[in-house]
Amino acid sequence: AALAQRLGELGRRHEKTSEEVFRVQRQALFMKSEKQAAEERLAAAHKQLEEARAEARRLQERHGHVEDSARLVRDKDRKITELSKEVFKLKEALNALPEPRGAPQPPPDTTVLQARVRTLETQLVEMETRHSKVVTLYRSHLLCAVQ
């Protein structure tokens with residue numbers, strides 16, 4: 001009877017131990033799946049971070065291009081302004097020349113000035129065209145950077 005009681009007690013202890021082992025195994029399995037999920041989230045976060053860094057580098061490059069374009073636009077504006085002033089001065093100088101009285105041919109200096117005015121006007125038109133192209137490029141870079 002003592003042995004049967006002892007056997008019953010050992011059976012209950014065995015059952016409790018088996019339940020405890022099963023509970024610990026189940027908990028370990030749950031922790032393992034939680035660890036895997038956390039590692040996956042960490043990998044996704046690292047991937048997002050790298051993508052964000054790459055995007056930041058692209059934006060910095062674009063910003064540099066935009067600044068370069070802005071500098072070109074300012075230079076072109078300055079050049080156009082200078083050429084416009086020079087054309088204006090040359091036109092005033094041309095208009096200030098006295099009209100020739102006897103001969104219908106203009107003096108050689110006037111011819112040179114007129115040729116210079118035409119050249120400068122042509123350059124002005126070309127510079128304005130280039131300027132508008134640069135402004136268009138600048139605006140597209142700026143729009144791209146804003147987006």
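**A quick note on this model**

1. Start with the record: an unreviewed UniProt entry lists residues 35–69 as "coiled-coil region". Keep in mind as you look around that this is a predicted model. In the model, that span is 100% helix and 0% strand, and its end C-alpha atoms lie 50 Å apart.

2. Now go to Ser69, the residue where the listed region ends. Ser69 sits in helix α1, which covers residues 2–96. Is Ser69 buried or exposed? Its relative accessible area is 5%, so Ser69 counts as buried, the cut-off being under 20%. Setting aside neighbours within four places in sequence, Ser69 touches Val134, Leu137, Tyr138 and His141.

3. Next, have a look at the largest nonpolar core. Its eight residues are Ile80, Leu83, Val87, Leu90, Val117, Leu120, Leu124 and Met127. Which elements give two or more residues to this core? They are α1 and α2, the latter running over 108–146. As background, nonpolar side chains in soluble globular proteins tend to be buried together.

4. Leu90 is one of those core residues. Not counting neighbours within four places in sequence, Leu90 is in contact with Leu113, Arg116, Val117 and Leu120. Of these partners, Val117 and Leu120 are also listed in the core.

5. Finally, try Ala93, which is also found in helix α1. Ala93 has 32% relative accessibility, so it counts as partly exposed. How far apart in space are Ala93 and Val24? From C-alpha to C-alpha the two are 102 Å apart, with a separation of 69 residues in sequence.

Key:
Residues are numbered from 1 along each chain as its sequence is written. This is a predicted model: local features need pLDDT of at least 70, side-chain atom pairs count only at pLDDT 80 or more; totals for chains, interfaces and linings use all residues. Side-chain values use heavy atoms; hydrogens and water are left out. UniProt positions are given in the numbering used here, feature names are shortened, and annotations may be inferred rather than shown by experiment. Helices (H or I, at least four residues) and strands (E, at least two) are DSSP runs, numbered from the N terminus. Buried means under 20% relative accessible area, exposed over 50%, partly exposed in between (1.4 Å probe, protein chains only). Contact means heavy atoms within 4.5 Å. A nonpolar core is a set of buried Ala, Val, Leu, Ile, Met, Phe, Trp, Tyr and Cys residues joined through side-chain atoms within 4.5 Å.
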